[in-house]
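Work through the exercises below with the structure open beside you. Try each task before reading its solution.

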Amino acid sequence: MSICMAGIDWEHANMDKREAFSFTNSQVERMCRQIADVAGVDGCVLLSTCNRTEIYLSGNGACKPAEILCRAAGEAGAEHLFSERTAEEAERHLMEVACGLCSQILGEDQIVSQVKRAYQIAHEAGTTDAVLSQLFRLAATAGKRSRTQVRLSAAPLSVAGQAVALLKDTIGDVRGKRALVIGNGEMGRLASSLLVAAGCQVTVTLRSYRRGQTVVPAGCGTIAYDERMTAVPQCDILLSATTSPHYTVTRESMETLARVPDAVCDLSIPRDIDPAIRHLPGVQVFLDMDSMGGRDAQVDVDSCKQVHDIIDEEMAELLRWKAYRKALPLMDELGRLASERIATGYDLAVLSAGEDEQTADKMEQAARLAAEKTARLLLSSLQGELSDHALRTCRETMLRKAPQLRDRRTT
């Protein structure tokens with residue numbers, strides 16, 4: 001059983017290419033089920049975020065993850081856009097992703113929850129197995145430890161934070177500006193809160209309002225999503241962050257307005273805002289995911305080393321788990337051999353003398369079961385202490401000392 005992965009990300013492909021591989025949660029669930037049915041695939045997890053799409057497969061080692069994903073997405077022929085990794089390289093890469101080392105915003109806060117959510121969707125779809133479960137659990141642990149123990153960058157730790165910082169850099173002080181935020185999901189709420197903190201008057205669109213279910217960021221007004229275009233002429237900043245497969249704002253709808261916002265910001269993939277809007281008179285600033293820049297130049301080397309140390313520790317835990325899992329069949333066999341050896345070392349006929357046949361049989365079964373449990377308990381306590389070679393040597397020694405077991409052992 002081995003792990004392989006393929007990924008496309010912000011660093012190697014622009015939005016025009018990434019958009020075809022941006023999926024909603026329901027699409028991810030459907031595709032996981034579809035991919036899990038491919039011959040040679042035992043498990044599948046699909047991670048789709050604003051800046052990356054990655055597929056992780058467990059299987060017989062002959063899988064071609066980029067080809068499988070492109071075929072499932074209806075984009076056959078786009079395999080060259082993907083980077084592929086296998087075995088330990090793929091496992092370490094996921095941990096680096098979960099720690100924010102591969103993010104456009106170095107050390108971003110949201111990636112850990114996105115990795116966990118990707119696994120949860122796949123698990124609920126029934127496409128995970130023990131190998132993927134352990135890998136994603138340890139990757140999430142590495143990401144959580146990195147986020148709480150290390151500060152990688154002095155820059156904002158989210159795409160929304162970077163967007164607000166860029167708005168300040170391009171249009172100046174945003175205090176007192178009016179902003180319309182389309183979308184009240186995680187990204188939209190975060191952007192709204194950051195704009196409020198910067199002194200903006202923020203209005204957020206809501207598709208529906210159910211008391212106790214819809215969370216409106218503090219300090220924000222609200223407007224129905226269907227009425228969003230009526231609020232656009234009154235705003236200085238228009239920001240959209242939804243998971244809609246269609247434009248939330250088109251060029252045609254903006255061209256009919258008496259006034260357009262000074263700054264337009266699209267924080268979605270696929271795009272929320274028609275990119276042709278950037279050419280409209282009056283739009284001074286147009287930002288999208290590709291505008292968010294690369295890494296912070298002021299990265300602390302010691303902090304990066306701390307994160308890599310965390311990853312090394314979680315990788316070592318993964319290796320221990322894989323070694324133990326690989327040894328389980330041999331340990332089971334040793335447990336059975338040990339129980340046979342212990343049980344046949346006693347004259348059970350003497351111990352059960354005077355008992356009826358049924359009771360004697362029960363006594364023998366109980367003795368063997370007790371011996372097997374004892375042996376397995378002892379072997380389990382040696383997890384990580386004995387190599388595969390040592391376990392095999394133990395088995396051969398036991399068979400040499402008690403050759404009568406060789407024909408009786410179960411494999």
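**Exercise 1. A helix and the turn after it**

Task: List the buried residues of α4, then find which residue with a positive phi follows the helix.

Solution. The model is predicted, so local features are read only where pLDDT is at least 70. Start with burial. A90, E91, H93, L94, M95, E96, V97 and A98 are the buried residues of α4. Next, take the length. The helix covers residues 87–98, which is 12 residues. From first C-alpha to last, α4 reaches 17 Å, close to the expected 16 Å. Finally, look past the end. G100 follows α4 and has a positive phi, near 80°.

**Exercise 2. One residue of that helix**

Task: Which residues does E96 contact, leaving aside neighbours within four places in sequence?

Solution. Locate E96 first: it sits in helix α4. It is one of the buried residues there. Its contacts beyond four places are L101, C102, H308 and I311. Now check a C-alpha distance. E96 and S146 are 50 residues apart in sequence, and their C-alpha atoms are 9.9 Å apart in space.

**Exercise 3. Two helix pairs**

Task: Classify the packing of α2 with α5, and then of α5 with α6, as parallel, antiparallel, perpendicular or oblique.

Solution. Two numbers are needed for each pair. Packed helices are described by the angle between their axes and the distance between the axes.

Step 1: α2 and α5. Helix α2 spans residues 25–36 and α5 spans residues 111–125. Their axes come within 9 Å and cross at roughly 50°. An angle of that kind falls outside the parallel, perpendicular and antiparallel ranges, so α2 is oblique to α5. The crossing of α2 past α5 is right-handed. On the α2 side, N25, V28, E29, C32 and R33 make the meeting. On the α5 side, the partners are R117, I121, A122, E124 and A125.

Step 2: α5 and α6. Helix α6 runs over residues 130–149. Here the axes are 9 Å apart and the angle is about 165°. Angles over 145 degrees count as roughly antiparallel. Therefore α5 and α6 are roughly antiparallel to each other. V112, V115, K116 and Y119 supply the α5 side of this contact. From α6 come L132, S133, F136, A140, G143 and K144. This crossing is left-handed.

**Exercise 4. Buried or exposed?**

Task: Decide whether M31 and D236 are buried or exposed, and list what each one touches.

Solution. Use the cut-off: buried means under 20% relative accessible area.

Step 1: M31. This residue belongs to helix α2. Its relative accessible area is 1%, so M31 is buried. Beyond four places in sequence, M31 touches F23, L46, L69, A72 and A73. The C-alpha atoms of M31 and A73 are separated by 7.9 Å, although the two residues are 42 apart along the chain.

Step 2: D236. This residue lies in the loop between α9 (228–231) and β8 (237–240). Its relative accessible area is 9%, so D236 is buried as well. Not counting residues up to four places away, D236 touches K177, R178, R259, P261, D262 and A263.

**Exercise 5. What covers a helix?**

Task: Name elements that cover the buried residues of α7.

Solution. Begin with the helix itself. It holds residues 159–171, 13 in number, and reaches 18 Å, close to the 18 Å expected. V159, A160, G161, Q162, A163, V164, L166 and L167 are buried in α7. Their cover includes α8, β8, β9 (263–266) and β10 (285–287). Just after α7, G172 takes a positive phi of about 85°.

Now move to the end of α8. G199 is in the loop between α8 (186–197) and β6 (201–206). Beyond four places in sequence, G199 contacts V174, R175, G176 and K177. From G199 to G176 the C-alpha distance is 5.8 Å, across 23 residues of sequence.

**Exercise 6. The whole chain**

Task: How many helices and strands does the protein chain have, and what percentage of its residues count as buried?

Solution. Count the elements: 14 helices and 10 strands. Then burial: 47% of the 411 residues count as buried. Next, surface. The chain exposes about 20200 Å², and carbon and sulfur atoms supply 49% of that area. Last, contact range. Among contacts between residues at least 6 apart in sequence, 69% join residues at least 24 apart.

How values were computed: Residues numbered from 1 in each chain as written. Predicted model: local features only at pLDDT ≥ 70, side-chain atom pairs only at ≥ 80, totals over all residues. Heavy atoms only, no water. Helix = DSSP H or I, 4+ residues; strand = E, 2+ residues; numbered from the N terminus. Expected span 1.5 Å × (residues − 1). Buried < 20%, exposed > 50% of the residue type's maximum accessible area, 1.4 Å probe, protein only. Contact = heavy atoms within 4.5 Å. Areas by Shrake-Rupley, 256 points an atom, 1.4 Å probe, with all protein chains shown as cover. Axes fitted to C-alpha atoms, helices over the stretch in contact; angles between N-to-C directions. Parallel < 35°, antiparallel > 145°, perpendicular 65-115°, else oblique. Left-handed = near helix turned anticlockwise from the far one by under 90°.
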